[in-house]
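Student: Hey, could you walk me through this one? I've never looked at it before.
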Amino acid sequence: MLKTNAAWPYILLAAVSTMRFAPALADTAAQPEHTHQVVIEAVRFEPLDLTVKVGDTVVWINHDPFPHTVTAVGKQFDSHEIASGRSWKYTARKAGVFAYTCTLHANMLGTLRVD
Amino acid sequence: MKLIGFVMAMGLGVAAAVPAAGPTDPQIAAIVVTANQVDIDAGKLTIATTHTQDVREFAQRMITDHTGVNKSAVDLVTKLKVTPQDNPTSQSLKAGGEENLKNLKTLKGAAFDKAYIDHEVAYHEQVLDALDKVLIPNASNAELKALLVQVRPAFVAHLEHAKKIQTALAAKS
């Protein structure tokens, strides 16, 4: 009984230490990359042309009442169907200019430039 | 006059007993829901009938997109407490859709595909014309008008898609 009680200060210390250092670690890990947003609405990508850096993440959000895809013409990336109200994210790992379309609505065109 | 023009534009030839003023929001709601449902029904018949992959995929796209548009329209009018009101235009649309289905059911193979796609081209041209000349200008509620503006490009995409298949079918025959 006495031994069990004696452990509490160490447990509390460990918990407090985690609380103090965890946010600092999270900040360090999250900051170097950026996230960009492309809205899909009225059967178009907005912005149509987006430039990001290698390592950045792009999130496409579908605001239309039906599905769309985000599909690179050269097949470097493909979201497959993004349902209404859902999103899809892609982290750009390779530099280049990537034209993309929606395979369900061929008149939708966008460009992702990765520097 | 606007509504008469709309009915004529839908290619239905029903100009009798329509009011001289443009449609009200409850009437527009009924027209939108009926127009979508007519195309969904034609798409379902096509999925069950055609053996042509491009035509099947197009029909599936019509079912999915028009079902999505209808859900948005119903959600909005429910929120706005607008009850869709049947009117000569929605009734004519329904009758025209039933007539199209009746005709398609008599056809098979390439003749079916051609009739379905030809009708889809004409239908989407007519709906776009109606959206631009009657439905969008007459919608008084801002959210209803915004929904019509938002879904208009889908009809443009469908029309282009249908025309592309129409050209491909003509080249095959």
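Tutor: Sure. One term to start with: "partly exposed" sits between buried, under 20% relative accessible area, and exposed, over 50%. By that rule A:E46 is partly exposed, because its relative accessible area is 41%. Keep in mind that this is a predicted model.

Student: OK, which residue does A:E46 form a salt bridge with?
Tutor: With A:R44, and the closest N and O atoms of the two are 2.8 Å apart. A:R44 is partly exposed too, at 38% relative accessible area.

Student: And how many salt bridges does the structure hold over all chains?
Tutor: There are 10. One of them is between A:D49 and A:R113, with the closest N and O atoms 2.9 Å apart. That pair links distant parts of the chain: A:D49 is in strand β3 of chain A and A:R113 in strand β8 of chain A, 64 residues apart.

Student: Are A:D49 and A:R113 buried or exposed?
Tutor: In between. A:D49 is partly exposed at 40%, and A:R113 counts as partly exposed at 32%.

Student: Switching topic: how many residues does each chain give to the contact between B and A?
Tutor: Chain B gives 14 residues and chain A gives 12. The area buried between the two chains is about 990 Å², and carbon and sulfur atoms give 60% of that.

Student: What about salt bridges between the chains, how many are there?
Tutor: The count is 1. It joins the side chains of B:R61 and A:E81, at 4.0 Å from N to O. There are also 3 residue pairs in polar contact between the chains, both residues at pLDDT 80 or more.

Student: Which elements of chain B give two or more residues to that side?
Tutor: Those are α3 (53-80) and α6 (142-172). The largest share, 8 residues, comes from α6(B). By type, the chain B side has 6 nonpolar, 5 polar and 3 charged residues.

Student: Back to B:R61. Which residue of chain B does it form a salt bridge with?
Tutor: B:D65, with the closest N and O atoms 3.1 Å apart. The two are 4 residues apart in helix α3 of chain B, so about one helical turn separates them. Both B:D65 and B:R61 are buried. Through shared partners, salt bridges join A:E81, B:R61 and B:D65 into one network.

Student: Last one: what's the mean pLDDT of chain A?
Tutor: It is 82, and 72% of the residues of chain A reach 70 or more. Over residues 1-31 of chain A, though, the pLDDT is below 50, and this stretch has 1 contact in the model beyond near neighbours in sequence. Where pLDDT is low, the predicted coordinates should not be read in detail.

Technical notes: Residues numbered from 1 in each chain as written. Chains lettered and ligands numbered in written order. Heavy atoms only, no water. Contact = heavy atoms within 4.5 Å. Buried area = accessible area lost by both parts, 1.4 Å probe. Polar contact = N/O pair within 3.5 Å; in protein donor to acceptor, adjacent residues only side chain to side chain. Nonpolar A, V, L, I, M, F, W, Y, C, P; charged D, E, K, R; others polar. pLDDT = per-residue confidence, 0-100. Buried < 20%, exposed > 50% of the residue type's maximum accessible area, 1.4 Å probe, protein only.
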